[in-house]
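Student: I would like a close look at one part of this protein. Could you walk me through its pocket, and then the ligand?

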Amino acid sequence: MQSLLRRIPKVDECLLAIHQEQEFENVSLGLVKNIVRAVLEATRQKILQGQQVQAESLTLPFFLETIHKELIRRQAPQFKRIINGTGVIIHTNLGRSILPESTMQMLHQAGGRYSNLEFNLSTGKRGSRYALVEELLCELTGAEAALVVNNNAAAVFIVLETLAQGREVIVSRGQLVEIGGSFRIPDVMARSGARLVEVGATNRTHLKDYRQALTEETGALLKVHCSNYRIIGFTSMVSNEELVTLGREHGLPVVEDLGSGCLVDLSQFGLEKEPTVQEVVASGIDVVTFSGDKLLGGPQAGIILGRKTIIERIKQNPINRAMRIDKFTLAGLESILRFYRDPETLYENVPTLSMISTPVEMVNKRAQRLIRRLRKNLAGQLECKVVDVMSRVGGGAMPEQNLASRAVAVVPAGIGVNRLEASLRALSIPIICRIEDDQLLLDLRTVADDEIPLVENGFTQALSNIDTSVN
Ligand SMILES: *Cc1c(COP(=O)(O)O)cnc(C)c1O
């Protein structure tokens, strides 16, 4: 072990060699040192842990190559644009909703210029940042008042903290949701200081279950959207109207976490009918929360709608300051909400809705276009065909709900499909696909028309990168 450790080059030796290379002339010395140390240390740890280390991997040229690769990687921006070939429209890992060009212009302006973020232009005095979208939210949904926080998890938290800290909140057992990535209703509730009271059975909850659970300690009744699962078969849930009546009888607020929250009816595109935000507000629910970047198609945000008295209390909660949205969110959200005023052009303008509503024939045309280009330029290197697939809405919105779509299925010649997938993922604009039955699938529903040439070039590049690294 000692003799292996001694063969690791010295930091200075590596620095000197790199210093002589033109390519890294202008790279900060701090960064180079940092990487050299990390690379050498990783090998030292490997040896100390008794892992197998090849003799050739302890030579200076080998270390230099690793250091080069790492330098190139670290110099490129780590936050990258990618091409989404997964067919999952609201993909939380890939940035959820994407914004239209005119909205991007608002963000551009919000970032590069001063704004009236918290300045009332009619009085010349301090204003409220929420006021800029509150009016619009109320106009579109029929709510009395509105507030926007950082995301829907924050929205649920602050609503419970404000209305039910130290008190009990009654929830149906069938609605104790866990959203991927550590959002669980029972945990959020515990943190807010509210005590969870579960009622009913997993598949059936009746009004009498809520009624029997009411005590002096009850602070609110909560409904949660089963965003990413379904309970099917012998089931029964209490309607909003019944719950609202019960809440009124006992002077208790009824809260609904809608999760995705949608302002339009998407059943015309073959999706299951879900109550719209407007319908939920009209049903008399006192507070409604939903995400800005799921079906609404906007930036990350948590939208809270409800009665004026309740929203006012939430606004006054000191935690609100810790959850407040920034100017980019505000600019993006206002711009997206304004599209909802015109239902005629809404579906063309908001990308999330546009991807949901694109007819399969159009996705098919896109797939055919890509196939023609791939066959023309990469004949012999891969085989491809158009296949029927199902796209998903995603984002914990509409589970099990699929949209008929088309994918290009690719089988590379002479190499495994896994290597092609990894090589596409390593591109400067990575192309993210999935593998099914030993074929690479690229769903065209989530790929824009103007991305087709990028995808084509990406395949060419990815294949050539594999060829050179094989030998
Ligand atoms: C997605 C979701 C959340 C969390 O919303 P974020 O905007 O991701 O914070 C909370 N509740 C439900 C029911 C959801 O679907």
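Student: Which helices each supply at least two residues of the lining of the largest pocket?

Tutor: Happy to help, and please keep in mind that this is a predicted model. The elements you are after are α5 (101-112), α15 (343-349) and α16 (351-357), each of which supplies at least two residues of the lining. Of these, α16 gives the most, with 3 residues. The whole lining of the largest pocket has 37 residues, and nearest its centre lie Ile82, Leu94, Ser97, Ile98 and Leu99. Sorted by class, the lining holds 16 nonpolar, 12 polar and 9 charged residues. The volume of this pocket is about 1200 Å³. As for where to find it, domain 2 (83-92 + 355-465) and domain 3 (101-349) both give residues to the lining, so the largest pocket lies between them.

Now turn to the ligand. Its surroundings include Arg96, Ile179, Phe183, His225 and Lys294. By class, the shell around the ligand has 3 nonpolar, 6 polar and 3 charged residues. Look at Arg96 again: one of its polar side-chain atoms lies 2.9 Å from an oxygen atom of the ligand. Asn152 comes to 3.0 Å from a ligand oxygen atom with a backbone N or O atom. Asp257 has a polar side-chain atom 2.6 Å from a nitrogen atom of the ligand. On its own the ligand has 390 Å² of accessible area, and the protein covers 94% of that. The elements that give two or more residues to this shell are α7 (152-164) and β11 (254-259).

Notes. Residues are numbered from 1 along each chain as its sequence is written. This is a predicted model: local features need pLDDT of at least 70, side-chain atom pairs count only at pLDDT 80 or more; totals for chains, interfaces and linings use all residues. Side-chain values use heavy atoms; hydrogens and water are left out. A residue is near a molecule or strand if one of its heavy atoms lies within 4 Å of it. A polar contact is a pair of N or O atoms within 3.5 Å; within protein, one must be able to donate a hydrogen and the other to accept it, and residues adjacent in sequence count only if both atoms are side-chain atoms. Accessible areas come from the Shrake-Rupley method with a 1.4 Å probe; for residues, only the protein chains shown count as cover. Helices (H or I, at least four residues) and strands (E, at least two) are DSSP runs, numbered from the N terminus. Ala, Val, Leu, Ile, Met, Phe, Trp, Tyr, Cys and Pro count as nonpolar, Asp, Glu, Lys and Arg as charged, and the others, Gly among them, as polar. On a 1 Å grid over the protein atoms alone, a cavity is a set of points where a 1.4 Å probe fits but cannot get out, and a pocket is an open set with protein on both sides within 12 Å along at least five of seven lines; lining residues have an atom within 4 Å of a point. Grid points are joined across faces, edges and corners, and a volume is the space filled by probe spheres set on the points. Domain bounds come from an automatic or database domain assignment.
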